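Student: Please take a close look at the enclosed space in this model. I would like to know what lines it, and what surrounds those parts.

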Amino acid sequence: MEEMENTVVDRSHMQVSEEIAIQIQSMHKWFGEFHVLKDINLTVNRGERIVICGPSGSGKSTLIRCINRLEEHQRGEIVVNDVELTDDLKNIAEVRSEVGMVFQHFNLFPHLTVLENCTLAPIWVRRMPKAEAEDAAMKYLERVKIPEQALKYPGQLSGGQQQRVAIARSLCMNPRIMLFDEPTSALDPEMIAEVLDVMVGLAESGMTMICVTHEMGFARKVANRVIFMDEGEIIEQNVPEEFFTNPKSDRTKLFLSQILQH
Amino acid sequence: MATEDTREGNPAHPAGQHPDLPPPAGTTGFIGWLRENLFAGPLNTIGTIVTVAVLYMLLVPLIQWSITDAVISGSDRHGCDIGRFAANIGNAYDDFSRENLALDPNQEGLDPETARLWAARQKRAEVDLTTVGSMLGNFDNTYQIMVREGTVPTDLLAVVDQVRPLELQPALLQAIEARDLPAVDSIVNELEPLIAWGQNRDGACWVVIKERVLIFMLGFYPRHEAWRLIVAAVLLVGAVAPLLFDKMPFRKPLLFVTATFPLTGFWFVVGDFPTMIYCWIAFAIYWLDPNRIRGPTIAAALVLLNLIYYFGLSDSDGLLSTIIGLKFLDFRYVPTGEWGGLLATMVNGVVGITASLPIGIVLALGRRSNMPIIRALCTAFIETVRGVPLITVLFMAALMLPLFLPEGVSFDKFLRALIGVALFSSAYMAEVVRGGLQAIPKGQYEAAEAMGLTYWRSMRLIVLPQALKIQIPAIVNSFIGLYKDTTLLSIIGILDVLLVATQTNTRGDWVGFSSETYFFAGFIFVIFCFGMSRYSIFLERKLHTGHRS
């Protein structure tokens, strides 16, 4: 960790555009009586790579799950790719087809092969012909470096391979935004690198990414903004260099000292 | 080199170069299997011996009864009776106790309790002794009938020639009457070859099944129309096979048979609906048209033709009506009252099974729905139907439902029972499916949702395939239960396989063969239920795709 803190990372080749991808305004969410997200305001431009961190229970997963309406917000407004998320199922479907999501536990479909996992959404949501969908899927499987596993079932792969399939599966829908919900925290240590490599490659290709993770090395390397959340609020956000070396709030300092200690 | 010194044992193999050796003798192959599975320890060995002994004691009599001593020739009961009568001469003689016969209940000084007991024993001995005589009488009577009919088996003729039972009968009866036991002994001794012959022919009487097999299969379905059922049965096999085996040859054309079976099966079994062919052809055209352009048009035209016929022409006898109505293909209408036996059981089982799974799935999804009214309705239906015995449902369907229907509206009792069975089992199926749905991790639903799949697609493509796979054993369990529950239809007077058996047992000419008829009815159920069970195991193996993620 020490070594990393002193390295200056060059992220100049990852461009951020002026166009707004996600806009969240005074958004609140409750789970029953529990106020889980409090007055969230967040604007994400296209091409941004945002890492969200914070202690468990701080609402960071809930926040990104609101972006594709896996969770429903109760107040405020979320606009994704110029589509506002409301009860309108058509809007929700439109947003979901443009937003890919990678889960902590992969959530691959165990009854389908890797290739079928990847082609399912293009065929059924995008109405893509099967052959075309399979070609595209193979392309993405090559990109995550496991084309040879295409005909296996998820249960036959290692955790790292499964997570890479999950990333390829999301990419097959050609999304404009990718959400990552703790993509490496269920993995054995030796498999984390292979997944992070794929994510770094994705960031370099210009994908808009929001990533809930505790991989601070990853944050340093690719993020253009790090957001710290605690108790349902965005406490602090900054470019990684500033965030790590010069945290402003006490809670951030405490959190960073806890996760960077060892 | 240094590492080699630290190793004990065979120094011929340096570390890391040990070759694969064959396993010790007697641990593999047949002997190894026996050792490991049947004679692994004292307890295991005792268990094996006890099991083999019990199996032997059960199977030998069963095989004797059902195969070696069974009667299959002939066309009436005499061939079966005569063997039993001959054997029973010996059985009654063996049962007869001469000590008991010699008891004197009127003896002086006997307490009343003992006297009563002795009287009963003596009576019993007298009955046995008389039975010896009456069995020979029965034998002789039946033998004379068979002589008249010319159906005496050749091996019996030889025995009769040797023993001459007809001539022995008066002497035997006289000896019994006179309580002349030595004379009885000698006569029975003379009858010994006949008794031995009978003991090899006193097993199951399969003649009753042979004679009644059509009723067991069809009930009172007209015999000259039975070919239609054979066609329907062949079509059923063709319809079910492609659903069961997804890699079989000719699967695609057979799926056409599957898709049209509800129409064709109905047409062949019920009859009187030849314009069903139009729907059939319409479907075929739609199916075969790769572009789905002309197909739907022609299909619609044919369905229209069908409607025109039914609402415009069906009552007239003109040429147009004959041609459009395909009256030359008209099968005679067979009302469900004439159905019976395996036909009734199969129609109920197949319709019940095919209806209960989809209805059960819809009910299960409804019970897990977010919409409170749908959830309440589905829950109420499931809980009500599950809380009521099937017999009650069937009585409702058979007796009470007609009371609630408006005047003039009535529909078939068989159909009402069919609906009752289907709804009843779908309530059970719903709970089985719900169990499967609950076993699917939340992440699967979320992943499907996050992809943008609609609710119904994510259910059909992601959740249900996994949920149903988990529940295959329970689903097949329900199917088997449903198939056997169709026997309850006999209570409301539908002639299913079991009722055919029961009715056979009460018919004058076949009284006394209930073992055979119930055995046969049970055998039919075992075949189908065992088939379903094996298929479920096959399916589980086939769908196994490694460990769950």
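Tutor: A cavity is a set of grid points where a 1.4 Å probe fits but cannot get out, and a residue lines it if one of its atoms comes within 4 Å of a point. Keep in mind that the model is predicted.

How many cavities of 30 Å³ or more does a search of the whole structure find? The count is two. Start with the largest cavity. Its space comes to about 110 Å³. The lining is made of 14 residues. Nearest the centre are A:Gly100, A:Met101, A:Ser170, B:Ala450 and B:Met451. Both chains therefore appear in that list, if you read the chain letters.

Now place the lining on the fold. From chain A, α3, β6 (99–102) and α6 (159–171) each give at least two residues. From chain B, α20 does likewise. Strand β6 of chain A has the largest share, with three residues. By class, the lining holds nine nonpolar, three polar and two charged residues.

Two of those elements turn up again at an open site, the second largest pocket. Helix α3 (89–98) of chain A and helix α20 (442–450) of chain B each supply at least two residues of the pocket lining. So do α16 (341–367) and α21 (455–470) of chain B. The pocket holds about 1,200 Å³ of space. A total of 29 residues line the pocket, and A:Leu89, A:Arg96, B:Asn370, B:Glu449 and B:Tyr455 are closest to its centre. Its lining divides into 14 nonpolar, six polar and nine charged residues.

Next, the second largest cavity. What is its volume? About 30 Å³. The lining can be named in full: A:Arg49, A:Ile50, A:Val51, A:Met209, A:Cys211, A:Phe218, A:Val222 and A:Ala223. By class that is seven nonpolar, no polar and one charged. Strands β3 and β8 and helix α8 (216–222), from chain A, each bring at least two residues. The largest share, three residues, belongs to β3 of chain A.

Look harder at β8, since it helps to line this cavity. Is strand β8 of chain A (residues 208–212) enclosed or open? Five of its five residues are buried, so the rest of the structure largely encloses it. The cut-off for buried is under 20% relative accessible area. Take the strand face by face. A:Thr208, A:Ile210 and A:Val212 sit on one side, and A:Met209 and A:Cys211 on the other. Both faces are covered.

Which strands pair with β8 of chain A? One is β3 (residues 49–53) of chain A, which runs parallel to β8 and is joined to it by four bridges. There A:Ile50 stands opposite A:Ile210. Another is β7 (residues 177–181) of chain A, also parallel to β8, with five bridges between them. A:Phe180 has A:Cys211 as its bridge partner in β8. Recall that A:Cys211 lines the second largest cavity, as does A:Ile50.

The link from β7 to β8 runs through a helix. Together, β7, helix α7 (residues 189–204) and β8 of chain A form a right-handed β-α-β unit.

A word on cysteines, as you may want to know which are bonded. The structure has one disulfide over all chains. The pair is B:Cys80 and B:Cys205, with sulfur atoms 1.9 Å apart. B:Cys80 lies in helix α4 (residues 78–95) of chain B, and B:Cys205 in the loop between α9 (181–199) and α10 (207–218), so the bond ties together parts 125 residues apart in sequence. The S-S torsion is about 65 degrees, so this disulfide is right-handed. B:Cys80 counts as buried at 1% relative accessibility, and B:Cys205 at 0%.

By contrast, A:Cys172 has A:Cys118 as its closest cysteine by sulfur, but 4.4 Å is too far for a bond. A:Cys172 is buried too, at 6% relative accessibility.

Methods:
Residues numbered from 1 in each chain as written. Chains lettered and ligands numbered in written order. Predicted model: local features only at pLDDT ≥ 70, side-chain atom pairs only at ≥ 80, totals over all residues. Heavy atoms only, no water. 1 Å grid on protein atoms, 1.4 Å probe; cavity = no way out; pocket = protein on both sides within 12 Å on 5 of 7 lines; lining within 4 Å. Points joined across faces, edges and corners; volume = space filled by probe spheres on them. Nonpolar A, V, L, I, M, F, W, Y, C, P; charged D, E, K, R; others polar. Buried < 20%, exposed > 50% of the residue type's maximum accessible area, 1.4 Å probe, protein only. Pairing = 2+ DSSP bridges. Right-handed = clockwise from strand over helix to strand, strands pointing away. Disulfide = S-S within 2.5 Å.
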